[in-house]
Amino acid sequence: MDAQLNPTQVDVQRRARQIAREHLAPRAIARDAAGEFPLDDLRRLADAGLMGVNINRELGGLQAGVVAYSLAVQAIAKADPAVAVTMAVNNMVGEVLSYFGTPSQTSTLVPKMTSGEFSSGSFCLSEPGSGSDAAGMLTRATRTTEGWRLSGTKAWITSGAYAGVFLVWAQTSVDGDDQGISLFIVDSRLPGITVGQPEDKMGQHASNTVSLAFDDVLIGPDALLGELGKGFRIAMMALDGGRIGIASQSIGIADGALEWATKAGLDRSARCADALEMMHARVEAARQLTLRAAWLKESASTNFSRQASMAKLMASEVANEVARQCVALVGPEAAAYDHPLAKLLRDARVTRIYEGTSEIQRVVIARDLIRHGVA
Ligand SMILES: Cc1cc2nc3c(=O)[nH]c(=O)nc-3n(C[C@H](O)[C@H](O)[C@H](O)COP(=O)(O)OP(=O)(O)OC[C@H]3O[C@@H](n4cnc5c(N)ncnc54)[C@H](O)[C@@H]3O)c2cc1C
């Protein structure tokens with residue numbers, strides 16, 4: 001892995017930092033307090049190419065690679081983690097579409113996601129009764145003479161109330177035979193879709209999280225994404241990449257917390273200096289792990305699943321610990337609900353849950369370690 005950023009990566013990081021500094025940071029607290037979905041900011045990110053960082057140019061992306069993507073998410077999350085998760089999910093959905101879609105599916109949809117015509121896309125895997133155990137999903141797609149009929153409920157769907165397109169995983173039946181889990185592209189405006197009330201989360205209020213009910217939704221034969229019955233494998237591959245996004249978001253949160261703490265005029269006691277040094281070192285360790293996972297995905301030479309899980313596990317734990325310690329170091333004013341540090345502490349919690357909980361990352365790492373050994 002190259003220790004130096006290349007000119008493309010520097011350029012992407014600069015674009016993200018500029019939007020973060022000029023547009024996201026100044027309104028982060030107000031956006032959170034109002035629970036305002038950041039439509040204008042998402043448009044700005046799209047104009048800068050950041051809604052498709054690792055997507056080919058002919059589909060409107062920057063084609064700048066996964067390391068550049070991680071750097072961009074880190075910079076955006078430092079200013080506002082809620083905007084970063086919305087951006088990360090859009091990038092993830094766009095990548096799945098461009099990787100597994102037919103030329104017609106990709107050319108119809110991906111440019112709408114990279115250009116900002118769709119404010120976002122949604123990744124619809126979890127259900128009220130299946131999160132970690134995603135294979136236990138109940139949503140079903142049944143083949144009809146004209147396509148598919150989709151029924152079921154998805155839960156905790158990021159950007160679900162605003163997305164132009166949903167990627168929906170479902171058990172599939174063809175002529176009464178079970179075909180396993182497949183993946184479908186669903187136009188978010190179709191009749192039969194009911195969007196639930198936004199979840200009242202402890203943090204990241206400017207991101208949108210809803211349930212989606214599909215009640216006999218009719219989708220065409222061309223809605224199948226990838227092969228029939230191969231959807232679960234696609235979900236696992238997408239989540240490996242998604243974990244790099246959430247690791248990057250976590251690092252941005254930790255960077256933001258450290259910056260607030262160091263600006264807060266802390267006393268110069270040895271205890272305080274020790275805490276800051278240690279936190280900084282841990283954030284840098286998590287950053288290197290994350291950039292290595294990004295580099296492995298980008299170089300496509302290796303299975304990067306274990307590295308992505310290690311990055312997500314470490315970075316999310318570090319973000320939570322750093323935010324907690326920074327609140328403690330700065331003192332009582334940082335514990336006020338709308339103080340930037342309190343916000344980052346609230347925002348950090350969910351990084352240990354979505355794209356696979358910390359416990360699930362431990363299972364993934366241990367299984368891979370037992371199967372393939374240490375190196
Ligand atoms: C804000 C937010 C946004 C989200 N966005 C999306 C989205 O866009 N799309 C989407 O599909 N999902 C999304 N999710 C759902 C998220 O991925 C799930 O919440 C997560 O996978 C955990 O599933 P669960 O909530 O069903 O918990 P469960 O799977 O029921 O887990 C409960 C607890 O048991 C532990 N546990 C479960 N299985 C094991 C095991 N085998 N070994 C050890 N411990 C275990 C878990 O770690 C956890 O602590 C989002 C969630 C949140 C909170």
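**Exercise 1.** Which strand and which helix each supply at least two residues of the shell around the ligand?

*Solution.* Keep in mind that this is a predicted model. Start with the strand: S3, residues 147-158, supplies at least two shell residues. Then take the helix: H11, residues 358-372, does so too. Now look at shares. Strand S3 gives the largest one, with three residues.

**Exercise 2.** Sort the shell by class and by domain.

*Solution.* Begin with class. Eight shell residues are nonpolar, six are polar and three are charged. Next, go to the domains. Domain 2 (123-229) provides at least three residues of the shell. Domain 3 (232-372) also provides at least three.

**Exercise 3.** Find the residues that come nearest to the ligand.

*Solution.* The ligand has 17 residues around it. Five of these come nearest: Phe123, Ser132, Trp156, Thr357 and Glu359.

**Exercise 4.** Trace polar contacts of the ligand, using a cut-off of 3.5 Å between N or O atoms.

*Solution.* Take the ligand oxygen first. An oxygen atom of the ligand lies 3.0 Å from a backbone N or O atom of leucine 125. Turn to nitrogen. At tryptophan 156, a backbone N or O atom is 2.7 Å from a ligand nitrogen atom. At threonine 158, the side chain takes part: one of its N or O atoms lies 2.8 Å from a nitrogen atom of the ligand. Finish with cover. On its own, the ligand has 970 Å² of accessible area, and the protein covers 64% of that.

**Exercise 5.** Name the pocket whose space the ligand takes.

*Solution.* The ligand takes the space of the largest pocket.

Note on methods: Residues numbered from 1 in each chain as written. Predicted model: local features only at pLDDT ≥ 70, side-chain atom pairs only at ≥ 80, totals over all residues. Heavy atoms only, no water. Near = heavy atom within 4 Å. Polar contact = N/O pair within 3.5 Å; in protein donor to acceptor, adjacent residues only side chain to side chain. Areas by Shrake-Rupley, 256 points an atom, 1.4 Å probe, with all protein chains shown as cover. 1 Å grid on protein atoms, 1.4 Å probe; cavity = no way out; pocket = protein on both sides within 12 Å on 5 of 7 lines; lining within 4 Å. Sits in = over half its atoms within 2 Å of the grid points. Helix = DSSP H or I, 4+ residues; strand = E, 2+ residues; numbered from the N terminus. Nonpolar A, V, L, I, M, F, W, Y, C, P; charged D, E, K, R; others polar. Domains from an automatic or database assignment.
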